[in-house]
Each structure stands twice: as structure tokens, then as C-alpha cells.
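This report covers the core of one protein and the packing of two of its helices. The structure is shown first.

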Amino acid sequence: MSPDGRPARDPADNSAVGAARAAARGPARAAARGPAGAAEPGAPGTATGAAATAAETEAGLLARAQAGDAGAFERLSGAYADRLFMLLLRLLGDRAEAEDVAQEVMLRAWRGISQFRGQSSYFTWLYRIAVNEANRALERRARHPAKVSIGTRELDLPASPAEDPYRQAENRELRRALGAALAGLPPPLRTAIVLRDVEGLSTQEAAEIADVGQAAFKSRLHQARLRVRAAIGDEALVTSGG
């Protein structure tokens, strides 16, 4: 127990928090960091380089993380941190709240990684934790309502530079309307449309993350699309590529 009366945090949890904080610093970090399987910069073709490549595969990092290696966990989860943060931002519509939830997601992942059995990909498992934590945050918000809408940047639907100013203004209004429509959906429906139509995941991937069968997921997605269509109109959905 810490001096202020709160439960003491395991020092290894700092790696989980570090991965979450890294996500909030912008998508550029993902490109700089590269995929989990990428080797550290060095002399390719050498014995050392080959060993580093083998050591840094996702499977290798996962095994080390499950054995208690916090650094391996940070590298493993850090490869998905930027994308996970954007998912939370799209689901929650609030950067500060998304940052807090991202930290909780990483802490839960770290504390539960020894129970991960590989029945789905690590990405799917991590995303499922994120969706569950976002839904808990939305439930807490519902008990203490505040107006939080999903902004145009979170939807990532930029206007083409070739469009005339009138068309650009029209699309900005569309994105605002779409953000408001998504913010008005109940969490299961919002999750379905964000995973499938905004994140661009396959129905199978999205259903696994939502932890439902594909038929149930398709039903949720259909309901979500109907509600959004009713809110912003068929023509607007066609314009946005929906």
C-alpha cells in the first residue's frame, strides 16, 4: 500500500504505462518503431543481426513477456499502441479520456498476458481489452452524462485537395454530422461501426474483437448503419464512402 492509501503498483507496470503514453505522442512513432518483428538498426547479415531478428519476432517477444520480461511486453504492445490509441479516441471522442483508458488497457494486458493462450492473434486480444475498457468508460459516462462528440480528426475522413471550397465545407459538415451520429449510438453499435467501417477490419476480425459471433456482429453493424443513415442521410453516406 502506498503512503496515500492507494494500492502500490508493481514497478514492472511502468512498462505498460510507457507503452500507453507512447501511443499518445502521435502516429509517427509507429512508423519510426516499425512492426514487432523488425530488428533493431544494425549490421544486417551478421550473426548478431540475425540473432536480433530472431529474438524480436512477435512470438519471441510474447514468450519473453509471458515469462515476466516487461521490456519485451513494451516492445510487443508498443507496435500496436498508436493504432490502439486511435481506436479508443474514435470510441470515446475525448483525447484525455482515451489516454487514461489506454494506460488501463496496457496495465490489464500486462497483468493478464500470462493467461493469453494464442486462440486469437495478440492484436485481436489487445483490441478486445481496449473495446471492453472503452465500453466501461462509456458506461461510467452514461451515469454522469456530458456532451462529448467524436471529432472530424478521429474519423480520419479528410477532404481531397482537388475539391472546391464549397465541397470541402460540405464534407466538414458531413464529418461533424457523422461524429455526432456515432456519439449517439449505444456502445455495442458504435463499436461495430468503428471497427468495421472506420478501422476497416474484416467482419471476422471485428467480431472476434467484439467477442460475438459473426452473425450477431453483422446484426449490430446493420443496426448501426441504419441509425447513422437515418441521422445523416443516404447521400451523405455515399459521399463519405460508407
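## Nonpolar core

In this predicted model, the largest nonpolar core has 57 residues, and Leu88 and Tyr122 touch the most other members. At least two residues of this core come from each of α4 (58–66), α5 (70–92), α6 (95–112), α7 (122–143), α9 (165–183), α10 (187–198), α11 (203–210) and α12 (214–232). The largest share, 14 residues, is supplied by α5.

Leaving aside residues up to four places away in sequence, Tyr122 touches Glu58, Leu62, Phe73, Leu76, Ser77, Tyr80, Ala109, Ile113 and Phe116.

## Packing of α7 and α10

Two packed helices are described by the angle between their axes and the distance between the axes. For α7 and α10, the angle is about 140° and the axes are 10 Å apart. An angle over 145 degrees would count as roughly antiparallel; α7 and α10 are therefore oblique to each other. The crossing of α7 past α10 is right-handed.

On the α7 side, the contact is made by Tyr127, Val131, Asn135, Leu138 and Arg141, which meet Pro187, Arg190, Thr191 and Leu195 of α10. Sorted by class, this contact of α7 with α10 holds 5 nonpolar, 2 polar and 2 charged residues.

## Overall make-up

The protein contains 13 helices and 0 strands. Of its 242 residues, 38% are buried. Among contacts with a separation of 6 or more, 66% are between residues 24 or more positions apart.

Terms used:
Residues numbered from 1 in each chain as written. Predicted model: local features only at pLDDT ≥ 70, side-chain atom pairs only at ≥ 80, totals over all residues. Heavy atoms only, no water. Core = buried A, V, L, I, M, F, W, Y, C linked by side-chain atoms within 4.5 Å. Buried < 20%, exposed > 50% of the residue type's maximum accessible area, 1.4 Å probe, protein only. Helix = DSSP H or I, 4+ residues; strand = E, 2+ residues; numbered from the N terminus. Contact = heavy atoms within 4.5 Å. Axes fitted to C-alpha atoms, helices over the stretch in contact; angles between N-to-C directions. Parallel < 35°, antiparallel > 145°, perpendicular 65-115°, else oblique. Left-handed = near helix turned anticlockwise from the far one by under 90°. Nonpolar A, V, L, I, M, F, W, Y, C, P; charged D, E, K, R; others polar.
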